[in-house]
Amino acid sequence: MSDLATITEKIKSSVGEDSGLGKIVKLDFGDAGKILINAAQVPNVVTNDDGAADTTVIIGLDDLISMAKGQLDPMMAFMQGKMKILGDMSVAQKLAPLLKG
């Protein structure tokens, strides 16, 4: 996982047709782009569009890559201010396994 397109494809693969999230989640990387995971519908849809979300995770692309590699703990990222969560925190926690790899 090194760029937005690669990360988007990895998440599409991880999410599959029905991730079980049941919500819309946005990963906001600032100027680097966004990933919108619409898991409120089946099949789930993953795009690089911007849109309304139940939960928005604001994080730098490099920090997300570090988390996916296991080099950055999600709780530490949150506590250090490297990751902000707007909306339903429990949805963000369910998202974590989809970002591994």
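1. Lys12 has a relative accessibility of 35% and counts as partly exposed. This value, like the others in this note, refers to a predicted model. The partner of Lys12 is Glu9: the two residues form a salt bridge in which the closest N and O atoms are 3.4 Å apart. Glu9 is likewise assigned to the partly exposed class, its relative accessible area being 46%.

2. The Glu9 and Lys12 pair is contained within a single element, helix α1, which covers residues 4-15. Three residues separate the two positions, about one turn of the helix.

3. How many salt bridges does a search of the whole structure find? The search returns three. The pair in helix α1 has been described above; the remaining pairs are Lys26 with Asp50 and Lys34 with Asp28.

4. Lys26 and Asp50 form a salt bridge with the closest N and O atoms 2.8 Å apart. Lys26 belongs to strand β1 (residues 24-28), whereas Asp50 sits in the loop between β3 (45-47) and β4 (55-59). The pair therefore ties together parts that are 24 residues apart in sequence.

5. Are the two members of this pair buried or exposed? Lys26 counts as buried, with a relative accessibility of 12%. Asp50, by contrast, counts as exposed, with a relative accessibility of 52%. The assignment of Asp50 follows because the exposed class begins over 50%.

6. In the salt bridge between Lys34 and Asp28, the closest N and O atoms are 3.5 Å apart. Lys34 is classed as buried at 19% relative accessibility, and Asp28 is also buried, at a relative accessible area of 17%. Both assignments rest on the limit for burial, which is under 20%.

7. A separate point concerns Ile85, which is located in strand β5 (residues 83-87). With a relative accessible area of 18%, Ile85 is buried. Which residues are in contact with Ile85 when its neighbours within four places in sequence are left aside? They are Thr55, Thr56, Val57, Phe78 and Ala92. Strand β4 is given as residues 55-59, and Thr55, Thr56 and Val57 carry numbers in that range.

8. A distance for Ile85 is also available with respect to Gly20. The two residues are 65 residues apart in sequence, and their C-alpha atoms are 20 Å apart in space.

Key
Residues are numbered from 1 along each chain as its sequence is written. This is a predicted model: local features need pLDDT of at least 70, side-chain atom pairs count only at pLDDT 80 or more; totals for chains, interfaces and linings use all residues. Side-chain values use heavy atoms; hydrogens and water are left out. Helices (H or I, at least four residues) and strands (E, at least two) are DSSP runs, numbered from the N terminus. Buried means under 20% relative accessible area, exposed over 50%, partly exposed in between (1.4 Å probe, protein chains only). Contact means heavy atoms within 4.5 Å. A salt bridge is a side-chain nitrogen of Lys or Arg within 4 Å of a carboxyl oxygen of Asp or Glu.
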